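Here are a few exercises to help you find your way around, each with a worked solution. Keep the viewer open and try each task before you read on.

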Amino acid sequence: MTHGMKSSPASLCGDRERERERCLITTMGRFTPFLFGCSTVTFIFSIFILFSPLPLVPSIPKQLHVDNDRHAIPIIKPHQSENDERCDLFKGGWVRDEKGSGYNNWSCRSIPESKNCFKHGRKDDEFVKWRWKPNGCHLPRFDAATFFTLLHGKKLAFVGDSVSRNHMESLLCLLSQEEAPKDIYKDSEDRFRTWYFPRHDFTLMILWSKFLVEAEERMNNGTASGVYDLYLDKIDKSWAEKVAGVDYAIFSNAHWFFRPIYLHKNGKLIGCVYCNDEGVEEVGVGGALRMAFRAAFQYMNGCEKCKGVVTLLRTFSPAHFENGTWNSGGSCSRTSPLDEREIKLGSFERELGNIQLEELERAKMEGGMKEIKFGALDVTTAMLMRPDGHPGAHWDNKWMQGYNDCVHWCLPGPIDAWNDILLAVLVREAG
């Protein structure tokens, strides 16, 4: 059963810069003057506009099942090209897995307070007992030893926003079950972080970026406005200056684009998002996202020092607010996944993921024979089915009491499947 989407403008605010990144889009509807009426709130908190995907149906999925046929279908292994080719990792469903996650909040000490759902009162644990199963093959559980064998002596960087960091934190927990990492770098705002695994000579990094391209926030009498100017011909140097030194770069971004944005290129204003300005083309969230990813991938293709870097795209990860937006009682209290019949594959979330994939394919074609490899981690459809995996009210929200986080993902939780997929993609790349 599929339901339509509701949309209404909303913003989520925090009084510290780091809290700004926790607060993402809850709606994708038309932008209204509501945002600009929040000047009092923005004096205390920084503006965020959060994304709210389709309302969810209150039923337990009927087609989800225990995976008892794992030995009857091909398993992804190195050098298994025939089986590899006929397995689409990104089409499938969630199956029961009583083993649960490969770690917990006792065995992984690096889980941040904001994702430590069990510590902050979540009582049910059913949401960790599901595993992503592609149609036509068995996707193995993440194996840290295999990962370290493939990436021995390598550096991997996540480039993007707080959901990108969420992904990195999941991988960090999984890898720490094999070797305890050393925390070797953290900037003053804890946006850029580097971990090192000495026994495997492996480096894991997060390179934080709001938009991937250069951006400036407009100020109103010294107060952050939540309105941004993006310069599409200027890459965000915070990641661009560091990415040349890595072997693998995983790009992801989207939630920051759900706010008023003015797009500039070659010194000219070429469009906007939620601006309603006469004479300025409204390109929409998808249009702005497309331009930013195109600029980022063009940079990778043109970067001489980036030759050999495997560039992966992790597609849009949807939020799941029900019964309201972030500031009107919206919550995400479900305890089980949906099946494919209960999601809308033609949704705006899926459209954003498709836009990102189109730009990845464009980059592949433009790159031609250049020494840049591009690949995808298309998690959008899988995560549309997981309204049960968000922190909701179970996060360290002392700065925003009463607000639910239905954007990020609990650790452990469904986001760990992203690393099952990541490892399978790396095995294919190596094989």
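**Exercise 1. Find what covers the buried residues of α8.**

Step 1. The elements that cover the buried residues of α8 include two helices and two strands by name: α7 (284-302), α9 (380-384), β12 (310-314) and β13 (373-377). Helices (H or I, at least four residues) and strands (E, at least two) are DSSP runs, numbered from the N terminus.

Step 2. A word on what you're looking at: this is a predicted model, where local features need pLDDT of at least 70 and side-chain atom pairs count only at pLDDT 80 or more, while totals for chains, interfaces and linings use all residues. Residues are numbered from 1 along each chain as its sequence is written, and side-chain values use heavy atoms, with hydrogens and water left out.

Step 3. Now pick out the buried residues themselves (buried means under 20% relative accessible area, exposed over 50%, partly exposed in between, with a 1.4 Å probe and protein chains only). In α8 they are Phe348, Glu349, Arg350, Leu352, Gly353, Ile355, Gln356, Leu357, Glu359, Leu360, Ala363 and Gly367.

**Exercise 2. Check the span of helix α8 against what its residues should give.**

Step 1. The expected span of a helix is 1.5 Å times one less than its number of residues.

Step 2. Helix α8 has 20 residues (348-367), so it should span 28 Å.

Step 3. The end C-alpha atoms of α8 are 29 Å apart, which agrees.

Step 4. Just past the helix, look at Gly368: it follows α8 and has a positive phi, near 55°.

**Exercise 3. Work out how α7 and α8 cross.**

Step 1. Take the axes, which are lines fitted to C-alpha atoms (for helices over the stretch in contact), with angles running from 0 to 180 degrees between N-to-C directions. Those of α7 and α8 come within 9 Å and cross at roughly 25°.

Step 2. That angle makes α7 roughly parallel to α8. The cut-offs: under 35 degrees counts as roughly parallel, over 145 as roughly antiparallel, 65 to 115 as roughly perpendicular and the rest as oblique.

Step 3. List who meets whom, with contact meaning heavy atoms within 4.5 Å. From α7, the residues include Leu289, Phe293 and Phe297, and from α8 they include Leu352, Ile355 and Glu359.

Step 4. Sorted by class, this contact has 9 nonpolar, 5 polar and 6 charged residues. Here Ala, Val, Leu, Ile, Met, Phe, Trp, Tyr, Cys and Pro count as nonpolar, Asp, Glu, Lys and Arg as charged, and the others, Gly among them, as polar.

**Exercise 4. Say where Gly353 and Thr380 sit and what they touch.**

Step 1. Gly353 lies in helix α8, and Thr380 is found in helix α9.

Step 2. Gly353 is buried, with a relative accessible area of 0%. Thr380 is buried too, with a relative accessible area of 0%.

Step 3. Leaving aside neighbours within four places in sequence, Gly353 is in contact with Thr315, Phe316 and Thr380. With residues up to four places away not counted, Thr380 touches Thr315, Phe316, Pro318, Glu349, Arg350 and Gly353.

Step 4. Try Gly353 and Phe316 as a pair: they're 37 residues apart in sequence, yet 5.1 Å apart in space, C-alpha to C-alpha.

**Exercise 5. Do the span check and count the buried residues for α10.**

Step 1. With 14 residues (417-430), α10 should span 20 Å, and its end C-alpha atoms are 20 Å apart, which agrees.

Step 2. Helix α10 is mostly covered, as 11 of its 14 residues are buried. Among them are Trp418, Asn419 and Leu422.

**Exercise 6. See how α5 meets α10.**

Step 1. The axes of α5 and α10 come within 9 Å and cross at roughly 75°. That makes α5 roughly perpendicular to α10.

Step 2. Val163, His167, Ser170, Leu171 and Leu174 in α5 meet Trp418, Asn419 and Leu422 in α10.

Step 3. The residues of this contact divide into 5 nonpolar, 3 polar and no charged.

**Exercise 7. Step back to the whole chain.**

Step 1. The chain has 10 helices and 13 strands.

Step 2. Buried residues make up 59% of its 431 residues.
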